[in-house]
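Work through the exercises below with the structure open beside you. Try each task before you read its solution.

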Amino acid sequence: MSTETNNGVRGLTTTEAPFIEQAKNEGLLYIHQPYDLYSESNHEAWRSLYARMLPRWKKYANAHFLKGIESLCLDPNQVPRLEDVNQFLCPLTGFKAKAVAGYVPAYAFFDCLRNRDFPTTITIRRADKLDYLPEPDIFHDIAGHVPMHTDKAFADTLVRFGELARLAAEIGESIKDEHEKLVRLESIIKAMARFFWFTIEFGLMREGKDMKVYGSGLLSSYGEIEHCIESPNVQRYPIQLEWVINQYFEIDHYQPLLFWVDSFDRLFSLVDQLETWMKDGRLNNVSPGEPLVNEEDLKSFMIAGAGGSVN
Ligand SMILES: [Fe+2]
């Protein structure tokens, strides 16, 4: 008998989980992972996703990711328990997966990274709809992101990036004119979001003569992990900060333009450069367009700048 029938709930399926709806209604963001609520169909979704990704990871993923998957001892057969993942992850880099009920406002998200916490979605996509999902799910977060967090240079880069959010909030706070503050913060957050997108989510890595994948959006997509490497329609360029922060992107189709680095030390140095540019005002007026910065994201930076708690 399935968990659905036993508990009268619909498991922890993305957009269909009463547990998550209830947490949101109560205003909760950080939650626990009610593991018993996963239905057989949820585990089946994990099993199928993992089984079909494994050969593609071996072919297209960067070496740090493959090592990370091994270090985490992920069970291919069932949805992982975050506490088990953390037991392997934490001793390596101090990072921990932290369960969340839904969208985390931008400042809080970046600030979690600074503290080596990774906001982690606990729901999983439907077993009969494995391909496209606009929302993150536990497969994207745990199988796509977390293996990268086992790598010290990558983990340190994330922390460093998280620190920039604090700098952005301080810069915002230093601007007295309210309109000017909003305009500048919006531009800085947009630049940060673009950087995150073209590196952490969709970054490529050159390993010798081979192009590999390190971005989690690619690592958790069965179709795009192959497409981004094999397709002649994808433009792949060495990363340039001025391009990345001014480049809009769309999230509902395969990416036509990607950027590569040849090491995580290089990525770390780009975050340093981003900091310098933020201080110098070079992020104050980036090119308009996607991603849109919503009011909640802006507010999260302003509250942090004014010394309020965002977690
Ligand atoms: Fe992601």
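**Exercise 1. Find the residues with the most contacts inside the largest nonpolar core, and the helix that gives the largest share of this core.**

Solution.
- Start with the terms. A nonpolar core is a set of buried Ala, Val, Leu, Ile, Met, Phe, Trp, Tyr and Cys residues joined through C-beta atoms within 7 Å. Buried means that 20 or more other C-beta atoms lie within 10 Å of a residue's own; 12 or fewer means exposed, and in between is partly exposed, with C-beta atoms placed from the backbone.
- The largest core has 84 residues, and Ala168, Met192 and Val213 have the most contacts inside it.
- Its largest share, 11 residues, comes from H9.
- Now take Met192. Beyond its neighbours within four places in sequence, Met192 is in contact with Leu164 and Ala168. Contact means C-beta atoms, placed from the backbone, within 7 Å.
- In soluble globular proteins, nonpolar side chains tend to be buried together.

A note on the model: it is predicted, local features need pLDDT of at least 70, side-chain atom pairs count only at pLDDT 80 or more, and totals for chains, interfaces and linings use all residues. Residues are numbered from 1 along each chain as its sequence is written.

**Exercise 2. Check the length of helix H8, then find what covers its buried residues.**

Solution.
- Helices (H or I, at least four residues) and strands (E, at least two) are DSSP runs, numbered from the N terminus.
- H8 covers residues 152–174, which is 23 residues. The expected span is 1.5 Å times one less than the number of residues.
- That gives 33 Å for H8; its end C-alpha atoms are 34 Å apart, so the two agree.
- The buried residues of H8 include Leu164, Ala165, Ala168 and Ala169.
- Among the elements covering the buried residues of H8 are H4 (63–72), H9 (178–201) and H13 (264–280).

**Exercise 3. Which backbone angles are unusual for Thr15, Arg116 and the bond between Glu290 and Pro291?**

Solution.
- Recall the rule: most residues other than glycine have a negative phi, and most peptide bonds are trans.
- Thr15 has a positive phi of about 65°. Thr15 sits in the loop between H1 (3–7) and H2 (18–25). Thr15 counts as partly exposed because it has 13 C-beta neighbours inside 10 Å.
- Arg116 also has a positive phi, near 60°. Its loop runs between H6 and strand S2 (117–121). Arg116 has 19 C-beta neighbours inside 10 Å, so it is partly exposed.
- Glu290 and Pro291 are joined by a cis peptide bond, with omega about 0°. Pro291 lies in the loop between H13 and H14.

Definitions and conventions
Contact = placed C-beta atoms within 7 Å.
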